[in-house]
Amino acid sequence: MMNLTTHLSAVHRHCDDSFAALEQAVRQQDWAGADALCASFCEEMAQHFADEENRLFQALEAATGMRGGPTAVMRFEHEQMRELMEDLNRDLLQRDARGVAATCDTLLVLMQQHNMKEENILYPMCDSRIPDAATLLQELRHVTP
């Protein structure tokens, strides 16, 4: 059965696949391809963050009354990833393969840790605590890959 956890975990996998394609293009020094893949990856991540911050987290906070707990941590990590994506874009513009690799390594670790927290803790909490999770899921399915 499709629920928030299942759907949003699939969005994570989609973004992971986009990130892996970007890394492969850099390894092959396909700079034009890497530029396009980076733009697509960053756009997908920005949309995912917006969906979570503007819809999912607000719904969970409204349902639980918690404003500083897990959603605050996730917002902070989103900001860290946004900064790393800016660094990645800068490194790509400079055609700095070492810089890109280092930024990708850092971003990958942060994404993996972040996704584990969301998929194993936050999303199940949303499924169980948001009163109209099914409606929220339908809204998110219309705006995410």
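Is Asn 115 buried or exposed? In this predicted model, Asn 115 is buried, because its relative accessible area is 8%, and buried residues are those under 20%. Asn 115 belongs to helix α4. Beyond its neighbours within four places in sequence, the residues in contact with Asn 115 are His 12, Arg 13 and Asp 16.

Helix α4 itself consists of 33 residues. From its first C-alpha to its last, α4 reaches 45 Å, which is close to the 48 Å expected at 1.5 Å a residue. The helix is nevertheless kinked: a bend of about 40° is centred on Glu 118.

In soluble globular proteins, nonpolar side chains tend to be buried together. The largest nonpolar core of the model has 23 residues, and those touching the most other members are Leu 22, Phe 41, Met 45, Leu 92 and Leu 107. Two or more residues of this core are supplied by each of α1 (4-27), α2 (31-64), α3 (70-93) and α4 (97-129). Helix α2 provides the largest share, with 7 residues.

The surroundings of one of these core members, Phe 41, were examined further. When neighbours within four places in sequence are set aside, Phe 41 is in contact with Cys 15, Ser 18, Phe 19, Met 85, Leu 107 and Met 111. A second core lies apart from the largest one and contains 15 residues, including Leu 8, Met 74, Leu 122 and Leu 140.

Conventions: Residues are numbered from 1 along each chain as its sequence is written. This is a predicted model: local features need pLDDT of at least 70, side-chain atom pairs count only at pLDDT 80 or more; totals for chains, interfaces and linings use all residues. Side-chain values use heavy atoms; hydrogens and water are left out. A nonpolar core is a set of buried Ala, Val, Leu, Ile, Met, Phe, Trp, Tyr and Cys residues joined through side-chain atoms within 4.5 Å. Buried means under 20% relative accessible area, exposed over 50%, partly exposed in between (1.4 Å probe, protein chains only). Helices (H or I, at least four residues) and strands (E, at least two) are DSSP runs, numbered from the N terminus. Contact means heavy atoms within 4.5 Å. The expected span of a helix is 1.5 Å times one less than its number of residues. The bend at a residue is the angle between axes fitted to the seven residues ending there and the seven starting there.
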